Amino acid sequence: MKSIHFAAVLAAGMAVATAPAVYAKPKKATAVAAPVALAPADQAVVLRDAALKDNNAYEFVAALTTRFGARPAGSASEKAAADWSVEQLKAMGFDNVRVETFPLEIWQRGEEKLEIVGPFPQNLVATALGGSGTTPPGGVEAEAVLFETYQQFSASTVDLKGKIVVILQPTVATQTGVGYGANSGSIRRQGPEIARQRGAVGYVMRSLGTHDHRFPHTGGTRFLGADGVPAMAISPPDAEQLERILKLQKEGQAGPIRLKMLSTPKFLGTGQSQNVIAEITGAKRPQEIITIGGHLDSWDLGTGAIDDGAGVAITMAAAKTILDSKVRPDRTIRVVFWGSEEVSQPGDKGLSGANAYAAAYKAEFPNHIIAAESDFGADVVYALSLPASDSPEFTKQVGNVLYPLGIYVDGAVSTGGGPDTSPLFSAGVPVMDLQQNGMDYFDTHHTPDDVLDRIDPAKVDQNVAAWAATLWLIASTEVKFKGVAPKP
Ligand SMILES: [Zn+2]
């Protein structure tokens, strides 16, 4: 599926709804007309259509990725992008724009190379996992023990002392990303440490990618400093090459597989990262807060366009659409560009920016109406999942305004709003999820191919329209939601 013409979808959808005149001849308007007191549901339609016609999300993610490239957590580039974002948000007219810093242990990629020494010598395309350990400067050569699945690795009692563990399990593409979710915690996060505990000297995994190109996918594993085992991800075609060699080995046509691994990341000690925060102060109930955003850091291989330049741009542009309408919401809308979402930290921790935000604003949580994050690429939104609410009317209204965009209200209660909202969710804050189509997301996620070229501007527009309309309805009505965890 390539570009979808949402204006056309919208026109078709609106044929059965009210006030269709505006859709017949789309105007090249750049801003919403002068403020008029419309009912929240009507204003949500105005904002949705204003965002579809024009918004600054694509422009923002283009500028971010062009000016700063990769934005690794705690790097000078991440900081420069944060400082630039502050200037941009101020110039756009947001209130209370600020940076909040927090400490971070820094891991930096070094030299990396992986090769089959025998039985069929050749190079593999591989990259180190974030937080993984180092090989000696000259690399480490060892016999490989290959497992088709992570479960086989966990269940096996074979001696791994002095060996390199290889996990060949593929990741299946799904709309929801469930395939990635299942594999990232086990194969990428825990696998290397379990291999180390069993005496392995290296760990290699098939990338958590759903394509057949020769890109390796990085991503965080447990951060154990100098104690960690060197761990790398190979591209899917390289994993299939190893599978074929394993088959020959099983048929007695090839000897043991020996790998040579070189990976020399550095642990740079304690540095600093930051969250960027901007607000639209609510006109009537400013103490009631809606927190939205994405994460500003990215992996170092690409330019972090889909992960998560798109997410910060979509949520910011949705709020900016409201700002430009000159009609203030009743409640405060807070946009957060979280820092350091991607990287793990000592003690099996992570989400440092999200945790810093949660610690700083804990006292406000009883007044956090809802939280949501966009961190699943730049493809279209197909469903909104909401927490339980006190207003069936709200659910009906939001359904009406989103349906013409091809978005349905999911009947199930939302239990996830993205990684950076997870500390809020755990503390009882209700979360919602504008669910994006993830079928292609893990084709480029955490690879050198995560660049602006992967983003379709029309799909970004659909996202911004959905966010702007949904935000407005929450920010300008009295709807209340219920968190799943107990409120603090
Ligand atoms: Zn992300």
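Asp348 counts as exposed because 12 C-beta neighbours lie inside 10 Å. Here C-beta atoms are placed from the backbone, and a residue is buried with 20 or more others within 10 Å of its own, exposed with 12 or fewer, and partly exposed in between. The model is predicted, so local features need pLDDT of at least 70 and side-chain atom pairs count only at pLDDT 80 or more, while totals for chains, interfaces and linings use all residues. Numbering starts from 1 along each chain as its sequence is written.

**Unusual backbone positions**

Asp348 sits in the loop between β13 (344-345) and β14 (349-350). Helices (H or I, at least four residues) and strands (E, at least two) are DSSP runs, numbered from the N terminus. Although Asp348 is not a glycine, its phi is positive, about 55°. Lys326, also a residue other than glycine, has a positive phi near 70°. Lys326 belongs to the loop between α9 and β12 (331-338). With 12 C-beta neighbours inside 10 Å, Lys326 counts as exposed. Most residues other than glycine have a negative phi, and most peptide bonds are trans.

Two peptide bonds are cis. One joins Gly118 and Pro119, with omega about 10°. Pro119 is part of the loop between β2 (112-118) and β3. The other runs from Asp307 to Asp308, where omega is near 10°. Asp308 is placed in helix α9 (residues 305-324).

**Helix α14 and its partners**

Helix α14 covers residues 457-475. Of its 19 residues, 17 are buried, so α14 is largely enclosed by the rest of the structure. Among the helices that pack on α14 are α3 and α11.

The axes of α3 (residues 40-53) and α14 come within 8 Å and cross at roughly 160°. Axes are lines fitted to C-alpha atoms, for helices over the stretch in contact, and angles between N-to-C directions run from 0 to 180 degrees. The two helices, α3 and α14, are therefore roughly antiparallel to each other, a term for angles over 145 degrees. From α3, the residues Pro40, Gln43, Ala44, Leu47, Arg48, Ala51 and Leu52 take part in the contact. Their counterparts in α14 are Asp461, Val464, Ala465, Ala468, Ala469, Trp472 and Leu473. Two residues are in contact if their C-beta atoms, placed from the backbone, lie within 7 Å.

Helix α11 (residues 392-402) packs on α14 at an angle of about 160°, and their axes are 10 Å apart. As with α3, the arrangement is roughly antiparallel, here between α11 and α14. On the α11 side are Phe394, Gln397, Val398, Val401 and Leu402. They meet Ala466, Ala469, Thr470 and Leu473 in α14. Ala469 and Leu473 of α14 thus appear in the contact with α3 and in the contact with α11.

**Helix α8**

Helix α8 comprises residues 236-250. Pro236, Asp238, Ala239, Leu242 and Ile245 of α8 are buried. These buried residues pack against the strands β3 (122-124), β5 (140-147), β6 (164-167), β7 (202-206) and β8 (231-234). Just after α8 comes Gly252, whose phi is positive, about 80°.

The spans of α8 and α14 can be set out side by side. The expected span of a helix is 1.5 Å times one less than its number of residues.

| Helix | Length | Expected span | Distance between end C-alpha atoms |
|---|---|---|---|
| α8 | 15 residues | 21 Å | 21 Å |
| α14 | 19 residues | 27 Å | 26 Å |

For α8 the distance agrees with the expected span, and for α14 it also agrees.

**Two further residues**

Pro216 lies in the loop between β7 and β8. With 27 C-beta neighbours inside 10 Å, Pro216 counts as buried. Beyond residues up to four places away in sequence, Pro216 touches Val125, Ala126, Thr127, Ser207, Ala233, Ile234, Ser235 and Thr447. The C-alpha atoms of Pro216 and Leu301 are separated by 9.5 Å, and these two residues are 85 residues apart along the chain.

Val140 is in strand β5. It has 18 C-beta neighbours inside 10 Å and therefore counts as partly exposed. Setting aside neighbours within four places in sequence, Val140 is in contact with Thr135, Val201, Gly202 and Met261. Val140 and Gly177 are 37 residues apart along the chain, and their C-alpha atoms are separated by 34 Å.

Definitions and conventions: Parallel < 35°, antiparallel > 145°, perpendicular 65-115°, else oblique.
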